[in-house]
Amino acid sequence: MNTDAGRGGDAQGTGSSAGGGARGGWRRDGRGRLVLRSGTGEALGAPVPLEIAASYRARTRGLLGRDSVDGALLLSPASGVHTFGMRMPIDVAYLDRRLTVLAVRTMPPGRLGLPRLRARHVLEAEAGAMAGWGLRAGVRVDVERDRGPEEAR
(Lines give C-alpha, C1' and ligand atoms only; values in the text may rest on other atoms or scores of the structure.)
Protein backbone atom coordinates (compact mmCIF):
# COMPACT_ATOMS: atom_id res chain seq x y z
CA MET A 1 0.00 0.00 0.00
CA ASN A 2 1.28 3.42 -0.92
CA THR A 3 2.11 5.90 1.84
CA ASP A 4 2.41 8.86 -0.50
CA ALA A 5 -0.51 8.09 -2.78
CA GLY A 6 -1.79 11.63 -2.71
CA ARG A 7 1.52 13.08 -3.81
CA GLY A 8 1.74 14.14 -7.41
CA GLY A 9 4.56 13.00 -9.54
CA ASP A 10 5.66 11.36 -12.71
CA ALA A 11 2.98 8.88 -13.70
CA GLN A 12 4.51 8.25 -17.07
CA GLY A 13 6.60 5.27 -17.92
CA THR A 14 8.80 4.69 -20.90
CA GLY A 15 8.13 1.02 -21.50
CA SER A 16 6.45 -0.56 -24.47
CA SER A 17 3.09 0.73 -25.52
CA ALA A 18 1.33 -2.47 -26.58
CA GLY A 19 -2.34 -1.86 -25.77
CA GLY A 20 -2.80 1.30 -23.93
CA GLY A 21 0.58 2.77 -23.97
CA ALA A 22 3.01 3.16 -21.17
CA ARG A 23 4.23 6.30 -22.93
CA GLY A 24 0.81 7.82 -22.34
CA GLY A 25 1.16 7.02 -18.65
CA TRP A 26 -0.85 4.82 -16.36
CA ARG A 27 -3.56 7.29 -15.63
CA ARG A 28 -6.21 4.61 -15.34
CA ASP A 29 -6.46 1.49 -13.28
CA GLY A 30 -6.33 -1.68 -15.32
CA ARG A 31 -4.60 -4.92 -16.11
CA GLY A 32 -1.68 -5.94 -18.22
CA ARG A 33 1.58 -7.83 -18.23
CA LEU A 34 4.97 -7.10 -16.76
CA VAL A 35 7.92 -8.00 -19.02
CA LEU A 36 11.43 -8.16 -17.54
CA ARG A 37 14.21 -7.05 -19.91
CA SER A 38 17.93 -7.77 -20.00
CA GLY A 39 20.48 -5.02 -20.59
CA THR A 40 20.19 -5.76 -24.32
CA GLY A 41 16.40 -5.45 -24.23
CA GLU A 42 15.75 -9.19 -24.54
CA ALA A 43 12.72 -10.49 -22.59
CA LEU A 44 13.67 -12.52 -19.52
CA GLY A 45 11.16 -15.30 -18.98
CA ALA A 46 7.41 -15.26 -19.39
CA PRO A 47 5.35 -12.09 -18.85
CA VAL A 48 3.91 -11.68 -15.34
CA PRO A 49 0.19 -10.85 -14.86
CA LEU A 50 -0.12 -7.26 -13.67
CA GLU A 51 -2.72 -5.05 -12.00
CA ILE A 52 -2.21 -1.31 -12.46
CA ALA A 53 -3.24 0.99 -9.61
CA ALA A 54 -3.09 4.55 -10.91
CA SER A 55 -6.03 6.19 -9.17
CA TYR A 56 -5.73 7.52 -5.64
CA ARG A 57 -8.31 5.01 -4.42
CA ALA A 58 -6.63 1.98 -6.01
CA ARG A 59 -3.16 3.02 -4.78
CA THR A 60 -4.30 3.52 -1.20
CA ARG A 61 -6.16 0.18 -1.23
CA GLY A 62 -3.17 -1.67 -2.70
CA LEU A 63 -3.08 -5.27 -1.49
CA LEU A 64 -4.97 -4.60 1.75
CA GLY A 65 -7.29 -7.40 2.76
CA ARG A 66 -5.95 -9.87 0.22
CA ASP A 67 -4.58 -13.30 1.03
CA SER A 68 -2.74 -13.60 -2.28
CA VAL A 69 -2.05 -11.80 -5.56
CA ASP A 70 -1.85 -13.24 -9.07
CA GLY A 71 1.35 -11.73 -10.44
CA ALA A 72 2.11 -8.16 -9.36
CA LEU A 73 0.50 -4.84 -8.53
CA LEU A 74 1.98 -1.64 -9.98
CA LEU A 75 1.43 1.54 -7.94
CA SER A 76 1.98 4.64 -10.05
CA PRO A 77 2.97 7.20 -9.00
CA ALA A 78 4.50 5.99 -5.75
CA SER A 79 7.85 6.10 -3.99
CA GLY A 80 7.11 4.19 -0.79
CA VAL A 81 4.74 1.70 0.79
CA HIS A 82 3.64 0.31 4.12
CA THR A 83 2.26 -3.08 5.11
CA PHE A 84 -0.04 -2.07 7.96
CA GLY A 85 -3.24 -4.12 7.66
CA MET A 86 -1.64 -6.64 5.28
CA ARG A 87 -2.30 -10.33 5.74
CA MET A 88 0.90 -11.55 4.08
CA PRO A 89 4.53 -10.56 3.60
CA ILE A 90 5.23 -8.94 0.24
CA ASP A 91 8.09 -8.23 -2.11
CA VAL A 92 8.43 -4.55 -3.00
CA ALA A 93 10.40 -3.28 -6.00
CA TYR A 94 11.10 0.43 -6.38
CA LEU A 95 11.26 1.62 -10.01
CA ASP A 96 12.69 4.84 -11.43
CA ARG A 97 11.05 6.89 -14.18
CA ARG A 98 12.61 4.64 -16.84
CA LEU A 99 11.17 1.53 -15.16
CA THR A 100 14.57 0.30 -13.97
CA VAL A 101 14.53 -1.50 -10.63
CA LEU A 102 16.32 0.53 -7.95
CA ALA A 103 15.88 -1.96 -5.09
CA VAL A 104 13.85 -5.02 -4.07
CA ARG A 105 12.85 -5.65 -0.47
CA THR A 106 10.67 -8.20 1.32
CA MET A 107 8.41 -6.61 3.93
CA PRO A 108 6.47 -8.47 6.63
CA PRO A 109 3.03 -7.16 7.66
CA GLY A 110 2.98 -4.11 9.94
CA ARG A 111 6.02 -2.28 8.55
CA LEU A 112 6.66 1.16 7.10
CA GLY A 113 9.04 1.20 4.15
CA LEU A 114 11.08 4.34 3.70
CA PRO A 115 10.39 6.18 0.44
CA ARG A 116 13.10 5.89 -2.20
CA LEU A 117 14.34 9.23 -3.45
CA ARG A 118 14.42 8.37 -7.18
CA ALA A 119 11.45 5.96 -7.15
CA ARG A 120 8.45 6.92 -9.30
CA HIS A 121 6.64 3.56 -9.29
CA VAL A 122 6.39 0.61 -6.90
CA LEU A 123 5.69 -3.04 -7.70
CA GLU A 124 4.20 -5.33 -5.06
CA ALA A 125 3.96 -9.13 -5.19
CA GLU A 126 3.79 -12.09 -2.83
CA ALA A 127 7.00 -12.60 -0.87
CA GLY A 128 9.53 -14.62 -2.87
CA ALA A 129 7.84 -14.09 -6.24
CA MET A 130 10.25 -11.45 -7.54
CA ALA A 131 13.32 -13.60 -6.90
CA GLY A 132 11.61 -16.37 -8.88
CA TRP A 133 11.06 -13.97 -11.80
CA GLY A 134 14.68 -12.77 -11.69
CA LEU A 135 13.63 -9.24 -10.71
CA ARG A 136 16.55 -7.46 -9.01
CA ALA A 137 18.22 -4.06 -8.96
CA GLY A 138 19.28 -2.93 -12.43
CA VAL A 139 16.67 -4.95 -14.35
CA ARG A 140 14.37 -2.91 -16.59
CA VAL A 141 10.69 -3.75 -16.94
CA ASP A 142 8.06 -2.94 -19.54
CA VAL A 143 4.34 -2.67 -18.97
CA GLU A 144 2.01 -3.98 -21.65
CA ARG A 145 -1.52 -2.85 -20.88
CA ASP A 146 -4.49 -5.02 -21.75
CA ARG A 147 -6.84 -3.27 -24.10
CA GLY A 148 -10.18 -2.37 -22.58
CA PRO A 149 -13.46 -2.58 -24.50
CA GLU A 150 -13.31 1.14 -25.34
CA GLU A 151 -9.76 0.79 -26.75
CA ALA A 152 -10.60 -2.24 -28.88
CA ARG A 153 -12.94 -0.24 -31.13
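The legends below describe close-up views of one predicted chain.

**Notes for all views.** The model is predicted: local features need pLDDT of at least 70, side-chain atom pairs count only at pLDDT 80 or more, and totals for chains, interfaces and linings use all residues. Residues are numbered from 1 along each chain as its sequence is written, and side-chain values use heavy atoms, with hydrogens and water left out.

**View 1. The chain combines 3 helices and 7 strands.** Helices (H or I, at least four residues) and strands (E, at least two) are DSSP runs, numbered from the N terminus. From that terminus on, the elements run β-β-α-β-β-β-β-α-β-α. Of the 153 residues, 46% are buried. Buried means under 20% relative accessible area, exposed over 50%, and partly exposed in between (1.4 Å probe, protein chains only). The chain exposes about 7,400 Å², and carbon and sulfur atoms supply 50% of that area. Accessible areas come from the Shrake-Rupley method with a 1.4 Å probe; for residues, only the protein chains shown count as cover. Among contacts with a separation of 6 or more, 64% link residues 24 or more positions apart. Contact means heavy atoms within 4.5 Å.

**View 2. An open sheet of 7 strands has the order E5-E4-E6-E3-E2-E1-E7.** The pairing is mixed. Strands E5 (101–107) and E7 (140–145) stand at the edges with a single partner strand each, so one side of each has no neighbour in the sheet. Neighbouring strands are turned by 30° against each other on average, direction ignored. Here axes are lines fitted to C-alpha atoms, for helices over the stretch in contact, and angles run from 0 to 180 degrees between N-to-C directions. Two strands pair if DSSP finds at least two bridges between them.

**View 3. Strand E1 has antiparallel pairings with E2 and with E7.** E1 covers residues 30–37, E2 covers residues 48–53, and 5 bridges link these two strands. Gly 30 has Ile 52 of E2 as its bridge partner. Between E1 and E7 there are 6 bridges. In E7, Arg 140 is the bridge partner of Arg 37. Is E7 enclosed or open? With 5 of its 6 residues buried, E7 is largely enclosed by the rest of the structure.

**View 4. Strand E4 is largely enclosed by the rest of the structure, because 6 of its 6 residues are buried.** In a regular strand the side chains alternate between the two faces of the sheet. Ile 90, Val 92 and Tyr 94 point one way from E4. Asp 91, Ala 93 and Leu 95 point the other way. E4 and E6 run antiparallel, joined by 6 bridges. Val 92 has Glu 124 of E6 as its bridge partner. E4 also pairs with E5 in the antiparallel sense, over 6 bridges. There, Tyr 94 is matched with Ala 103 of E5 as bridge partner. E4 and E5 form a hairpin with 5 residues between them. In its turn, Leu 99 has a positive phi of about 65°.

**View 5. The largest nonpolar core holds 18 residues.** A nonpolar core is a set of buried Ala, Val, Leu, Ile, Met, Phe, Trp, Tyr and Cys residues joined through side-chain atoms within 4.5 Å. Leu 34, Leu 50, Leu 95, Leu 123, Leu 135 and Val 141 touch the most other members. E1, E2, E3, E4, E6 (121–126) and E7 each supply at least two residues of this core. The largest share, 3 residues, comes from E2. Apart from this core lies another, of 17 residues, among them Leu 73, Met 86, Met 88 and Val 92.

**View 6. Leu 135 touches residues that include Leu 36, Ala 93 and Val 101.** Val 104, Leu 123, Met 130 and Val 141 are also touched by Leu 135. Residues up to four places away in sequence are not counted.

**View 7. Met 107 sits in strand E5.** At 7% relative accessibility, Met 107 counts as buried. Met 107 and Val 92 are 15 residues apart in sequence and 7.2 Å apart in space, C-alpha to C-alpha. Leaving aside neighbours within four places in sequence, the contacts of Met 107 include Val 81, His 82, Thr 83, Pro 89 and Ile 90. Val 92, Leu 112 and Gly 113 are also in contact with Met 107.

**View 8. The side chains of Ser 76 and His 121 are joined by a polar contact of 2.7 Å.** A polar contact is a pair of N or O atoms within 3.5 Å; within protein, one must be able to donate a hydrogen and the other to accept it, and residues adjacent in sequence count only if both atoms are side-chain atoms. Ser 76 lies in the loop between E3 (72–75) and E4 (90–95). Its relative accessibility is 0%, so Ser 76 counts as buried.
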